[in-house]
Each structure stands twice: as C-alpha cells, then as structure tokens.
Amino acid sequence: MTYKSTLRGAVCFAALVSGSAALADISAQQVWDDWKIEMEMFGGSVATASEDMIGDRLTVRGLTLSTVDEEISSVLTIDELVFAEQSDGSVSITTSDSYPMVLTAQDGAIITILISHPGLEMTVSGTPDALDYALSADSFTVALQDIVDGDVTFSGDVQVTGNNLTGTYATRLGDMRNTTYDMQIASMDILVDVQPPGTMGEYVTGGGRVTGVDIQADITMPRDADMDNPEALIASGMALAGGYTVDSSEFVFDINAEGDEISGSMSAGTGSLTGQISDQSVSYNASTTDIAASFVSAAAPFPIDISLAEYGVNFEMPMARTDTPQPFGFGINLVDLAVSDAIWAMLDPSSVLPRDPATIQIALSGLARPLFDMLDPAQEDAMMESDLPVELTEIELTQLNIALAGATLTGDGAFTFDNDDLESFAPFPRPEGEVGIQINGLNALLDNLVTMGLIPEQELMAPRMMMGMFARSTGDDQLETRLEVTGDGQVLANGQRIR
C-alpha cells in the first residue's frame, strides 16, 4: 500500500497541462489542493515547508509525502514544485529534476531510491471537478541509490529508464472519484550491476530493453476511502481496470552466487496484460508471443535453449450476488514449446520419442450465480460455512488441445446443471450434457515409454484394458470416447451405461 501511494504521487507528477492568471479556468491553488486530496486518499501524509502564491505562481517547497503500514514505510521528498497559471486558462507545473524516495522496512533496513526526469513538461486544464492532465518527458529514471542495513551499506547500479514518455491523466469528481490514465513509453532500459558486500566475488549483472510500452488504467474510488481498511474498499465501490501492451523485450544476465554461475538471455515479442476487479467481477488476461530463452550454467554441461510460440492465461469470475447467472471462464495457452537437442539427448538419448514441439490449450466457459457478495467482508463467514457459495448453471469445454511426444488429445463438450436436484450427484447439482475426447498416438507413446525403460510392459496391461472399456477405436492408433449424462441421471460412455 505504501508503494502504491508513492507511485500514485509520482503519477500525479506526470500528468498535467498549461494555465492562466486572472482568466484561468482552473487556478494553481485548486490544482495543488486536488493533488493533496489524492495523495492523502491513497494513504499518504502530506507536509510542506512553505506554500507561497506570488502573482500567478504558486511555489511549494519542501514537500514530503509519507506513508506507513505494517511492513514498510516510505518518505518521498521534493524540494520544489511550481504551479504557474497560463493565459489560456490552464496551469503548467514544473518540479525538481530529481528527488529521493526512502523506504524503511520493519527490520530497520533503509532503501533509498532516486527518481529523476529532467525536462519533464506537465500541464493541467479543466475545472476543479474535471481535471485533464498531460505530460511528456525525454526520459525518466528510477534508480537504487543504496541500501543500509545496520553497519552494512550496499550500493550498485540498479535502474530503469523510460525514454520518450507521453501521456494523459484525468480526474472526475462525482459521488465517486474516477481517475484514468494513458501512458506511452517508446522504450524502457533496465540495468543491474551489483556486488553484494561481504561476499567472495559474487555478483549479479544484467540488462534489457522493452519497446513500445502502452499503459492504461481506470480507477474509481470512494471520496471518503479508508486505506487503513482495504478489505472494505471494494465493497464500498472501489473498482480497478487496466493493463499494458509491449511490442518486444529482450534481456541478458550473468549471475555468480556462492560459486554457482549462470548466464543467458531471454526475449519475447508482443505481450499484453489486462485485468479488472470490482464488487461485480474479477478478470485477468495475459499473453506473450515468441518467447525464447538460452542459459549456460556451471551445473549443466550443455546450453539450455527453450522457446515458446505463445503463452497465455485468462480467467473471469462473477463476484456479486445476483438473481441471474453471470459468465465465467478460464483458459491456458502454451503453443509450440520446444527445447534444445541437448536436453532431448539427456532425456531420450536413443531418440525414441518424436521431438515435435508440445502444446497445451485448455479453455472453459460457463454461467454461474454467486449466492454471496464474495468481496464483502461482512459476508465472509456465511460464505465459508456454505456448501456451495456459487450456483453453477452451465459449463462448456470450448477448447482442449494437448500435443506431447507424438500423441494428441482433443475434445469439446458442454453440460447444464439442475440446481433443484442436489441428490442425484450430491452435493452437486445434477448435470446434463456430453463431452467428447479424441486421442491419437497414445499406444505408440506408451510403447515408446516401454522401449525407453520408463514403464514396465506389465504395468500397462490395466491402463490398456481401461482404454478398451471406455474408448473405441476410430482408426490406426486413434481412440474416441464420449461421456454423456442424461436428464434422468444416467452416465453413459460411448452409449454404454456405467451409472
């Protein structure tokens, strides 16, 4: 929470556009007052050495933004802020080129971070209830200055630099406080070069670049938000939505820890992450393409190379008690996972298994009706005591695609659920529907595992008999099974009743 509040302050410092004097639509004092409200809303304590209004310029000196929680406290200090009213009715804002943020951990360790953004341009326009900010900077840097833990002082190069930053930031006041922002960063450079004190030549070095960063967020907060009671915030109307996209990323690293050395590189193509949380629902969606990694380690006698065409994970879940079913879903996507021949040679030196890339794709969707407001602390005890806090209405297997070592598994299907019948499949509602599964190359895979000596032949007798009972052959090493649950509670496998 401390980190978030200082970060929110930093976001404020990067979101405003020109101002005025007598004809101003918004005054310098009104902008500064809004800053203080927002910083305090997110758990900060604001103090200044002086605030002087001379003509059309408000100069704030010695600003400190302090936050405290159980694990860590922080103090952000800015020497000077100037809010200047412009002739077009906007306010321009300038700030010190750099300022420190000091984090103090519960154990007494002190971390000092230096934030710098020379040439940052910020302006704000609008009215006190509808402020529109804009910002731009050639670069900004967040860098570690040092870590002091007792008698030990640790320093090194650890920094992130963003290049060619532009963005907008807006606040709207009504019954709630709504904040939106949209930031673009042409590239971000990452540098790590540290040698921990008191060690024998240990080090961590690395660097990287992320290009084409685009960040958006939409935040709704109660105007009387109590950050000391975060459990109640969502129940009282807080909502967060946002995410980012990147065009590409690449990293290199070299680590020596306790005599073990590992070095390598990683890269990825386009990537995205979006998520949202409110009292109505929670969702998350992440995806990255063209992932590649290469490692060399003293513990391994050969390089390790891994690639993945696509990785993704997503889920969606309703969180509010409702009279009508709401959508939910889950998915995982790993496409064309491949490893180097050196790894295959270690696992399968005789080249028994096909070395095709592996794929795992699973997607489920459906409708469900929460019986509680699941993010309301007042309903937590009742929800935990309930056998079924969510009433499931329907579920569909929209994708099943698994390919591994020459075998493939595919399928689809759907079920509906009768929540008036909790006896037939107690304690769950009675399902009705069917799912079909197709398996290709399974027998060849099992034979290969026997050839490799991983599974004794005799231990496969029972699994092969089970496949014969519940699956039917549709071709050369092709199996299919269809599981059906009828309206009267019967369970059928390929038309044969098994319940």
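Start with the whole chain, coloured by burial: 36% of the 499 residues of the protein count as buried. The model is predicted. Switch to the cartoon, where the secondary structure comes to six helices and 28 strands. The radius of gyration is 29 Å, well over the 23 Å that the globule rule gives for 499 residues, so the protein is more spread out than a compact globule. Align the view to the principal axes; along them the C-alpha trace spans about 90 × 60 × 45 Å. If you draw a contact map, 59% of the contacts with a separation of 6 or more are between residues 24 or more positions apart.

Next, select 98-105 and 110-116. These are strands E6 and E7, which pair in the antiparallel sense over seven bridges. Tyrosine 99 has isoleucine 115 of E7 as its bridge partner. The two strands form a hairpin with four residues between them, and in the turn glycine 108 has a positive phi of about 100 degrees.

Keep E7 shown and add residues 130-149. This is strand E9, which runs antiparallel to E7 and is joined to it by seven bridges. One pair to label is isoleucine 110 with its bridge partner in E9, valine 148.

Move on to strand E11, residues 156-173, and pick out asparagine 164 within it. Its phi is positive, about 55 degrees, although the residue is not a glycine. Asparagine 164 counts as partly exposed, at 48% relative accessibility.

Now go to the second largest pocket, with a volume of about 210 Å³. Which residues should be selected to find its centre? Of the 16 lining residues, Tyr244, Val246, Ser249, Ala268 and Thr288 are the closest to it. Strands E14 (239-246), E15 (248-257), E16 (260-268), E17 (271-277) and E18 (281-297) each give two or more residues to the lining. E18 gives the most, with four residues. Colour the lining by class to see nine nonpolar, seven polar and no charged residues.

Two backbone details remain, both in loops. Most residues other than glycine have a negative phi, and most peptide bonds are trans.

Select alanine 426 and proline 427: the peptide bond that joins them is cis, with omega about 5 degrees. Proline 427 lies in the loop between strand E23 (407-418) and strand E24 (430-440).

Finish at aspartate 477, in the loop between strand E25 (472-475) and strand E26 (478-485). Phi of aspartate 477 is near 55 degrees, a positive value in a residue other than glycine.

Terms used. Residues are numbered from 1 along each chain as its sequence is written. This is a predicted model: local features need pLDDT of at least 70, side-chain atom pairs count only at pLDDT 80 or more; totals for chains, interfaces and linings use all residues. Side-chain values use heavy atoms; hydrogens and water are left out. On a 1 Å grid over the protein atoms alone, a cavity is a set of points where a 1.4 Å probe fits but cannot get out, and a pocket is an open set with protein on both sides within 12 Å along at least five of seven lines; lining residues have an atom within 4 Å of a point. Grid points are joined across faces, edges and corners, and a volume is the space filled by probe spheres set on the points. Ala, Val, Leu, Ile, Met, Phe, Trp, Tyr, Cys and Pro count as nonpolar, Asp, Glu, Lys and Arg as charged, and the others, Gly among them, as polar. Two strands pair if DSSP finds at least two bridges between them. The radius of gyration is taken over C-alpha atoms; the globule rule is 2.2 Å times the number of residues to the power 0.38. Buried means under 20% relative accessible area, exposed over 50%, partly exposed in between (1.4 Å probe, protein chains only). Contact means heavy atoms within 4.5 Å.
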